[in-house]
Amino acid sequence: MKNLKLVAAVVAGAMMLASTSAMAVTIGFSQVGDEGDWRPAFSKDMQDSAVEYGIDLKFADAQGKQEEQLRAVRAFIAQGVDAIIIAPVVVTGWDQVLQEAKKASIPVFLADRDVEVEDNSLYVTRISADFNLEGKLAAAWLAAESKGSCKVVELQGTVGSAAAIERQKGFQAVLDQFPAMEIVRSQSGDFTTEGGKQVMEAFIKATNNLEGICASFAHNDNMQLGAIQAMKEAGLNPGTDVLMVSVDYVPAMIKALEAGEANASVELRSAIGKFIYPVVLDYLEAPKDLPKWIVIPGDLHTAK
Ligand code: AHR
């Protein structure tokens, strides 16, 4: 009798588990990679928030390669996930695979970076910060700090990525208002600390130790942290000799700001999961037209 009760309890438990997992929404998430400090924080938030929302998350790290993302998205389609979230490496090259998702009736959402597609009904919405505004905020701060007169070196993010394209455009749009402000050198450090260090080393060599350079604008904090290392190794004082402004506001940058080695950073929130999952889950319950862009706010933080 005792055994019978035990068997009944086990069977009931197994049935409950089976029905819960049958109900769990499955989402495939194709992430750019793990460059810098910001992106791993974003990945962790997506994974932790998925658990909170009871989502079965299939996470694919593309290691910075769009081919890997295309492969991952096709694998999600083959698995028949309920929805796909993509944080795209670059803006171009998405039309075909998004058509495939549409054909399979799997809604696609964009997180963080943008895409450029012929038909923007191929994705439901994008949830992200305003990269263009981040560039503008950085430049507006610099204009005030330098009284509108400044030669800038720029460390660009990954070539072709929405974050690099829009931060550059936003920054330049503000500079265009100040005849004595200009970008004198610009190179990609691919959003990495090592890349930023190498680019700044090249700038230091090419400009006789940054002679006449008033500021370094980096499209993310990690490149700026690499630039800070390069400048210190060259005997320069980042934050004092040269104004340092970047984007992300990661913990290592907060320390650099406190140490006076950096001057400003625009915060990019990494907790995107709590913004995107409710939108995806609501949509799956009742599909509807959503605005094409749901903006996550960001703020400028300065050392003083
Ligand atoms: O797409 C956002 C950018 O990508 C972040 O600013 C950067 O740190 C990351 O690599």
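Here are three short exercises on this predicted model, each with a worked solution.

**Exercise 1: the chain as a whole**

Work out how the protein chain is built and what share of its residues is buried.

Start with the secondary structure: there are ten helices and twelve strands. Next, picture the box that holds the C-alpha atoms, roughly 85 × 50 × 30 Å along the principal axes. Then turn to burial: of the 304 residues, 45% are buried. Finally, look at the contacts with a separation of 6 or more: 75% of them join residues 24 or more positions apart.

**Exercise 2: where to trust the model**

Find where confidence is lowest and where it is highest.

Begin with the average: the protein chain has a pLDDT of 94, and 92% of the residues score at least 70. Now go element by element. Helix H1 (residues 2-23) sits at the bottom with a mean of 47, while strand E8 (residues 215-218) tops the list at 99. Zoom in on residues 6-21: pLDDT is below 50 there, and the stretch has zero contacts in the model beyond near neighbours in sequence. Where pLDDT is low, don't read the predicted coordinates in detail.

**Exercise 3: around the ligand**

Which residues surround the ligand, and why does it lie between two domains?

First, list some of the shell: among them are Glu35, Trp38, Arg113, Phe191 and Asp248. Second, sort the shell by class, which gives five nonpolar, two polar and five charged residues. Third, check the elements: helix H2 (38-52) and strand E9 (243-248) supply at least two residues each. Last, bring in the domains: domain 1 (2-129 + 270-298) and domain 2 (131-267) both contribute to the shell, so the ligand lies between them.

Technical notes:
Residues are numbered from 1 along each chain as its sequence is written. This is a predicted model: local features need pLDDT of at least 70, side-chain atom pairs count only at pLDDT 80 or more; totals for chains, interfaces and linings use all residues. A residue is near a molecule or strand if its C-beta atom, placed from the backbone, lies within 6 Å of it. Helices (H or I, at least four residues) and strands (E, at least two) are DSSP runs, numbered from the N terminus. Ala, Val, Leu, Ile, Met, Phe, Trp, Tyr, Cys and Pro count as nonpolar, Asp, Glu, Lys and Arg as charged, and the others, Gly among them, as polar. Domain bounds come from an automatic or database domain assignment. A residue is buried if 20 or more other C-beta atoms lie within 10 Å of its own, exposed if 12 or fewer, and partly exposed in between; C-beta atoms are placed from the backbone. Two residues are in contact if their C-beta atoms, placed from the backbone, lie within 7 Å. pLDDT is the predictor's confidence in each residue, from 0 to 100.
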